[in-house]
Amino acid sequence: MSDFLQYVFSGLTSGSIYALAALGFTIIFNARNVVNFAQGSFLMLGGMITATLITAKVPLPFAVAAATVITVIIGGLVQRLAIAPVKDADPVNLVIITIGASIFIDGIAAVVFGKNQHMVPAFSGDHAIHILGATLLPQSVWVMATAAVLMAGVSWYFRATLAGKAMRAVSINSNAASLVGIRPDRTVLVAFGLSAFLGAMAGAVASPITTTVFDIGLLLGLKGFVGATFGGLGSAVGAVVGGILVGLFESLVAGYISTSYKDAVPFVLIIGILICRPQGLFGSRVLDRV
Amino acid sequence: MMRFRNGDLLVTLALLIALPTVLPNAYWFDVTIRMGLAGIAVIGLNILMGFAGQLSIGHAALLAASAYTSAILVARYGLPSALAIVIATAGVTLISYGLARPMLRLRGFALAIGTLGLGIIVQIILVNEVAWTGGPDGMVVAPLQLGPWTISGERQWYVLVAFLLFLAIVSSLNLFGSPAGRALRALNGSEIAAQVAGVDTSIMKIRAFTAAGFFAALAGALTAHYSGFITPDLSAFMRSVEFATMVVVGGRGSTYGVVLGAVLLTILPQALGGTGEYEMIVFGLILMLTVIFLPQGIVPTLVAALRGKGA
Amino acid sequence: MRRYQLNRRGFLLATGSALLAPAIVHAADEPIRLGSVLSTTGPAAWLGDPEDKTLRMYVEEINKNGGVLGRKLQLFIYDDGSDAAKANSFGKRLIQQDNVDVILGAATTGTSLALVPLVEAAKVCLMSFGAARVLIDPVRPYVFKIPHSDTMAVQAVLGEMKSRGFRKIALISDTGGFGKSGRTETMKVAQQLGLTLTINESFGERDTDMTPLLTHVKQSDAEALLMISTGQAPAIIARNYKQLDLKLPLYTTHSQASYEFIRIAGPASEGIRMPTPALLLADSLPANDPQKKVTTDYKNAFEAKYKIDVSTFGGYAYDGLMIVVDAIKRAKSTEKAKLHQAIEQTRGFVGVSGIFTYSPTDHEGLDTSAFHMVEVKNGKFVEYKI
């Protein structure tokens, strides 16, 4: 029982990170119908910048805040410079552009921060909490709590604020939205910024556990994307649930079946789910626009 | 039915024959051969991405599967390498056919993710099953023997690869102009419109996927015996991205375009090889800039420009 | 037909420059050409990067002081991205295009193995920074190795465990080349020494959470834990280990012998034991230790220039370069056969990783006497003897 709980804790921790990445993917997908492969790089930047600032003796809250702000700016730049100029909405081209952006950002990180691992000390100490025979790191609690707060915030943003509702309008029908005075390109910029914000926060809060390195973004981003697709690309709730489930499955398979094949789990999962239920858990039936 | 490309093909043939005379040493032959092998692989991917408009970022998985199959057949079962290549190519083509139906029920990004997942799963298997594959450090592959002759040295391989590349170009051009090719290309525009016009889209997509698999498998098996050394990295996500980029940058739908894409993207890491950490930055930049400013790809853009000036 | 001219012109340019290049350089002033293939990106970047930095730094320094035999050193370095196939391709380039006299690298066993068939065919000496025994056993005429082998590391660790009275060991290794090779060696040596492996599991080089794996270890009745990995994972394992409150002694190999490891693992690194070359103990070596001067000099120079902690990997590059330079001086030439002979005749060469003596039957050059067992105490590597 305690082992099961241990695997669950581990799965919930990584699942929370994937969920935030997945949420970021979904927000951008809804605004612009593009899968942003640079999402993983946003996570990396959040952790890397925080780590560098802390080494320079900047207090933790400022380091995280600065990391988030810088990443948001970079997210906005990606949208302005790489996505906005591409007028014809060919999804294949957009995917390749975001992959290029991701390689570019990772490359710059390698030059600026070096190729070594970086460390961020845990926010409130390393003393493990014992629960029913399993141990939980305080930092894991931070990760899960941050994820929960951010998700609630995003949900409120979409329901209660004008800007959030505007984004939902754009995702449903961007032509109609512009008819009522919403500017789709401004909305897409905000979407990228918001996504970068989520990614940076996830990266910063996870870095004491995962440590951070210039190319950590790729695999984390991919798993986040799997989570988003698993839950149903386009559904925010789906993204969160999908991300957490991916983390849980990964951990349980590692615990009970095989640790070497752990990384394959999200991808086997996604192929399975896409074949049985292509719209994901919460997505609506995919409609083809003629 | 060969269309008006006869002239182009003759020039291509002449180029392939003339090239060895200007290449200064074996290293340059090596680079050219790698371009040729990549060219064969992307001609296949072009059928899926360029003609049929389906995005795949797992093409490298099929290449790697075939490479390892051929290598293992020779190493473990003692098969002659020529036979191993044939079996590996046929086998992976069949597997592509089997995978095609479930995979192609996915649309758009879902298909991209599915193929990406395939690539990563294959890579993980290759890394973990050390007894079969030698694990992450790869395995040595026996050289290619056709009957009594061993194909050794870059010059001999050049002849073989150039020949096969030429055949691949011919078949791709043939397909392009044929009724089947037109049906495939109809899918690219709009699947629903194609269905309305009477095209059986499911079968067409499956055939495209299988064809892509065939070319990838052929390129993979050849790569194994040419390099003499293969690693699970052959199936890596970045490799699939490189192939997709060759297609997009060269020109989706254009046979010559994707071969040019293969040439450029094979030379790029060699040219950037000495720059160390800046390689990633430059590569990412080139990727973005080419796709943003030449969304149709290099060759179609050039062709359109030439046509525009002519008219 | 513009697109064909594009291709042809490119190749003509390349041919032209390749033909002109030798004419420009006068034979007597011809530089000594050093080739290198290193993993400065990819999972092995933290091995390849200090090696790259060390080579560049010392080639520049040697050239400033007049070069070797009055000739300048010219360094050709390529990044193989931690991939053996790329290493193979760059190896061909070094040999056929750059015409190097000797190759330093590659950073890992896997990438080095990819260079072996090329150097054997071209009769160019290879000074490998990969550790596994398989590189020099059987001895290949042109392949030399710098680091201690995984076999030696495993022998040192398991030997130490046995003398402490441990009988049941848990082994976790990564799926990379060094991890897999270390695993094979451990299973062999454990059997020879009569130790039982109660756990024998693997993890991925890039994994960020090993708590499921360590939970298995906790459930078993192992008395000590050995982790074998060249990647970033061990620092995370150390932290997971503390999180799960594991008490059994934790050992690792010399692949983690660097201050980076202590920095990343933080307080969780306390008490971890591993074998290490003398370089890491430079400051605490006694004054009469033959390696004292060379290790302290290298450490100070590297840290002053790059502002990062010295690492044993950079040390391998240093030793490789210096052995080659020493051999060139002794051979008074860079002619391949003479250079090969001179390298093979290296005797008692004091390097930062140990004191090297090669011979026609030994291309490893070191034995376990060059290893020191250390334990992390208060954030420093402290030597201990049982």
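Is C:S82 buried or exposed, judged by its C-beta neighbours inside 10 Å? C:S82 counts as buried, because it has 29 C-beta neighbours inside 10 Å, where 20 or more suffice. The model in which this residue sits is a predicted one. The report below begins with chain A, turns to the sheet of chain C and its loops, and ends with the contacts made with chain B.

**Chain A**

Eleven helices and two strands constitute the secondary structure of chain A. Along the sequence these elements appear in the pattern α-α-α-α-β-β-α-α-α-α-α-α-α. Chain A has a radius of gyration of 19 Å, close to the 19 Å that the globule rule gives for 290 residues, and is therefore as compact as a globular protein of that length. Taken along the principal axes, the box filled by the C-alpha atoms of chain A is roughly 60 × 45 × 35 Å. Of the 290 residues in chain A, 61% are buried. Among the contacts of chain A with a separation of 6 or more, 76% come from residues 24 or more positions apart.

**The sheet of chain C**

Chain C contains an open sheet of five strands with parallel pairing, in the order β2-β1-β3-β4-β5. Strands β2 (73-79) and β5 (143-145) of chain C form the edges, each pairing on one side only. With direction ignored, neighbouring strands of this sheet are turned by 20° against each other on average.

Two of the pairings can be described in detail. Strands β1(C) and β2(C) run parallel and are joined by seven bridges; here C:L38 stands opposite C:D79 in β2(C). Strand β1(C) is largely enclosed by the rest of the structure, because six of its seven residues are buried. Strand β3 (residues 102-105) of chain C pairs with strand β4 (residues 125-128) of chain C over three bridges, also in the parallel sense. In this pairing, C:L104 stands opposite C:M127 in β4(C). Helix α11 (residues 312-331) of chain C packs on the sheet and touches β1 (32-38), β3 and β4 of chain C. The direction of this helix makes about 160° with that of β3(C).

**Backbone features in the loops of chain C**

Several loops that adjoin these strands hold notable backbone angles. The peptide bond from C:G105 to C:A106 is cis, with omega near 0°, and C:A106 belongs to the loop between β3 and α4 (109-122) of chain C. A cis peptide bond also leads from C:D137 to C:P138, with omega near 10°; the loop between β4 and β5 of chain C holds C:P138.

Two residues that are not glycine have a positive phi, as tabulated here.

| Residue | Phi | Loop in chain C | C-beta neighbours inside 10 Å |
|---|---|---|---|
| C:L69 | about 55° | between α2 (45-64) and β2 | 13 |
| C:S82 | about 65° | between β2 and α3 (84-97) | 29 |

With its 13 neighbours, C:L69 counts as partly exposed, whereas C:S82 counts as buried.

**Contacts with chain B**

Which elements of chain A give two or more residues to the side that touches chain B? The contact joins 40 residues of chain A to 36 residues of chain B, and the elements in question are α4 (91-113), α9 (217-231) and α11 (265-276) of chain A. Helix α4(A) gives the most to this side, with 16 residues. By class, the side of chain A that touches chain B comprises 30 nonpolar, five polar and five charged residues.

Between chain C and chain B, 34 residues of chain C are in contact with 34 residues of chain B. On the side of chain C, two or more residues come from each of α1 (2-24), β2, α3, α4 and α6 (177-193). Helix α3(C) gives the most, with nine residues. The side of chain C that touches chain B divides into 13 nonpolar, 13 polar and eight charged residues.

Within chain B, helix α7 (residues 154-177) has 24 residues and reaches 34 Å from its first C-alpha to its last, close to the 34 Å expected at 1.5 Å a residue. The buried residues of α7(B) include B:W157, B:Y158, B:L165, B:I169 and B:F176. Also among them are B:E154 and B:S172.

Notes
Residues numbered from 1 in each chain as written. Chains lettered and ligands numbered in written order. Predicted model: local features only at pLDDT ≥ 70, side-chain atom pairs only at ≥ 80, totals over all residues. Helix = DSSP H or I, 4+ residues; strand = E, 2+ residues; numbered from the N terminus. Rg over C-alpha atoms; globule rule 2.2 N^0.38 Å. Buried ≥ 20, exposed ≤ 12 C-beta atoms within 10 Å, placed from the backbone. Contact = placed C-beta atoms within 7 Å. Pairing = 2+ DSSP bridges. Axes fitted to C-alpha atoms, helices over the stretch in contact; angles between N-to-C directions. Nonpolar A, V, L, I, M, F, W, Y, C, P; charged D, E, K, R; others polar. Expected span 1.5 Å × (residues − 1).
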